[in-house]
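The exercises below invite you to read a structure piece by piece, with a worked solution after each task. Please keep the sequence and the model in view while you work through them.

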Amino acid sequence: MTAVSSVRPGAAEELAGLLRGRIRDVPDYPKPGILFKDITPLLADPEAFGALTEALAAFCKEAGATKVVGLEARGFILAAPVAVRAGIGFVPVRKAGKLPGATLSQTYDLEYGSAEIEIHAEDLTAEDRVVVIDDVLATGGTAEASLRLIRRSGARVAGLAVLMELEFLPGRDRVLPELAGAPYQALITV
């Protein structure tokens, strides 16, 4: 289930090509055998970054979002300008212990161990419809935990959007059940 914004025919392919052309492959980073997808060239290109922001903002508007959640850390870089462009609020989801004051937390399993994420307890309300934005959907653990955290806050999940999905990893299978019918969008798949 992938939702694509209502755009002219071919525009989604043009956008994907633009974005793909600005993502640099870095072999053997952070360790041998890993092919890291570096988005910093995309961020440095105002045309590509602007097109990415516009596409994600359109997704938020179509989903009826009132807030955008950005996942630490690269999700912050994408979600903050999307929130401004869409005219809605931005809420950061941080690693545990990074936010002052009262927080809600959610633990989740990693391949080797577990992790925990948090939001400020007062940042989401029952009136909010929230879109989660991140750079990459890989194994889906952080995205799945953020969707659970949003529901625990009392807010409604309006969707999940990512710049790229690594289709050889099980992220999609992990997050689709947690979306419970809310739309999912990956602008490019690698």
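**Exercise 1. The hairpin**

Task: Find how many residues lie between β5 and β6 in the hairpin that they form, and describe how these strands pair.

Solution: Bear in mind throughout that this is a predicted model. Step one is the turn: β5 and β6 make a hairpin, and 2 residues lie between them. Step two is the pairing, for which we take β5 as residues 103-110 and β6 as residues 113-120, and find that they run in the antiparallel sense over 8 bridges. Step three is to look at individual partners: Thr 107 is placed opposite Glu 116 of β6, while Asp 109 has Ser 114 in β6 as its bridge partner.

**Exercise 2. From the hairpin to the sheet**

Task: State in what order the strands of the open sheet follow one another, and explain why β5 and β9 are left without a neighbour on one side.

Solution: We begin with the link from β6 to β4, where strand β4 (residues 89-95) runs antiparallel to β6 and is joined to it by 2 bridges; here Lys 95 stands opposite Ile 117 of β6. Next we follow the whole sheet, which is open, has 7 strands with mixed pairing, and reads β5-β6-β4-β3-β7-β8-β9. At the edges stand β5 and β9, each of which has a single partner strand, so one side of each lacks a neighbour in the sheet. Finally, we consider the twist: on average, and with direction ignored, neighbouring strands of this sheet are turned by 20 degrees against each other.

**Exercise 3. Helices on the sheet**

Task: Determine which strands α3 touches and which strands α6 lies across.

Solution: Taking α3 to begin with, we find that this helix packs on the sheet and touches β3, β7 (129-137), β8 and β9, and that its direction makes about 160 degrees with that of β9. Turning to α6, we find that this helix lies across β5, β7, β8 and β9, and that it runs at about 165 degrees to β8.

**Exercise 4. Two partners of α3**

Task: Describe how α3 crosses α4 and how α1 packs with α3, and name the residues that meet in each contact.

Solution: For the pair α3 (residues 46-62) and α4 (residues 74-86), the axes come within 8 Å and cross at roughly 65 degrees, and the crossing is right-handed. On the α3 side the contact includes Phe 49, Leu 52, Leu 56 and Cys 60, and on the α4 side the residues include Ile 77, Leu 78, Pro 81 and Val 82. Sorted by class, this contact has 10 nonpolar, 1 polar and 3 charged residues.

For the pair α1 (residues 11-20) and α3, the angle is about 135 degrees and the axes are 10 Å apart, which means that α1 is oblique to α3. The crossing of α1 with α3 is left-handed. Leu 15, Leu 18 and Leu 19 of α1 meet Glu 47, Ala 48, Ala 51, Leu 52 and Ala 55 of α3, and by class this contact has 7 nonpolar, no polar and 1 charged residues.

**Exercise 5. Cis bonds and positive phi**

Task: Locate the cis peptide bonds that lead into Pro 30 and Ala 73, and then decide whether Asp 28 and Ala 180, which have a positive phi, are exposed or partly exposed.

Solution: The bond that joins Tyr 29 and Pro 30 is cis, with omega about 5 degrees, and Pro 30 is found in the loop between β1 (24-27) and β2 (35-38). The bond from Glu 72 to Ala 73 is also cis, with omega near 0 degrees, and Ala 73 belongs to the loop between β3 (67-71) and α4.

Asp 28 lies in the loop between β1 and β2 and, although not a glycine, has a positive phi of about 60 degrees; its relative accessible area is 49%, so Asp 28 is partly exposed. Ala 180, in the loop between α6 (171-179) and β9 (184-189), likewise is not a glycine and has a positive phi of about 50 degrees; its relative accessibility is 61%, so Ala 180 counts as exposed.

**Exercise 6. Ala 155**

Task: Decide whether Ala 155 is buried or exposed, and list what this residue contacts.

Solution: Ala 155 sits in the loop between α5 (141-152) and β8 (156-165). The cut-off for buried is under 20% relative accessible area, and Ala 155, at 5%, is therefore buried. Leaving aside neighbours within four places in sequence, Ala 155 is in contact with Leu 124, Thr 125, Ala 126, Asp 128, Val 130 and Ile 150.

Key
Residues are numbered from 1 along each chain as its sequence is written. This is a predicted model: local features need pLDDT of at least 70, side-chain atom pairs count only at pLDDT 80 or more; totals for chains, interfaces and linings use all residues. Side-chain values use heavy atoms; hydrogens and water are left out. Axes are lines fitted to C-alpha atoms, for helices over the stretch in contact, and angles run from 0 to 180 degrees between N-to-C directions. Helices (H or I, at least four residues) and strands (E, at least two) are DSSP runs, numbered from the N terminus. A crossing is left-handed if the near helix is turned anticlockwise from the far one by less than a right angle, and right-handed if clockwise. Contact means heavy atoms within 4.5 Å. Ala, Val, Leu, Ile, Met, Phe, Trp, Tyr, Cys and Pro count as nonpolar, Asp, Glu, Lys and Arg as charged, and the others, Gly among them, as polar. Angles under 35 degrees count as roughly parallel, over 145 as roughly antiparallel, 65 to 115 as roughly perpendicular and the rest as oblique. Two strands pair if DSSP finds at least two bridges between them. Buried means under 20% relative accessible area, exposed over 50%, partly exposed in between (1.4 Å probe, protein chains only).
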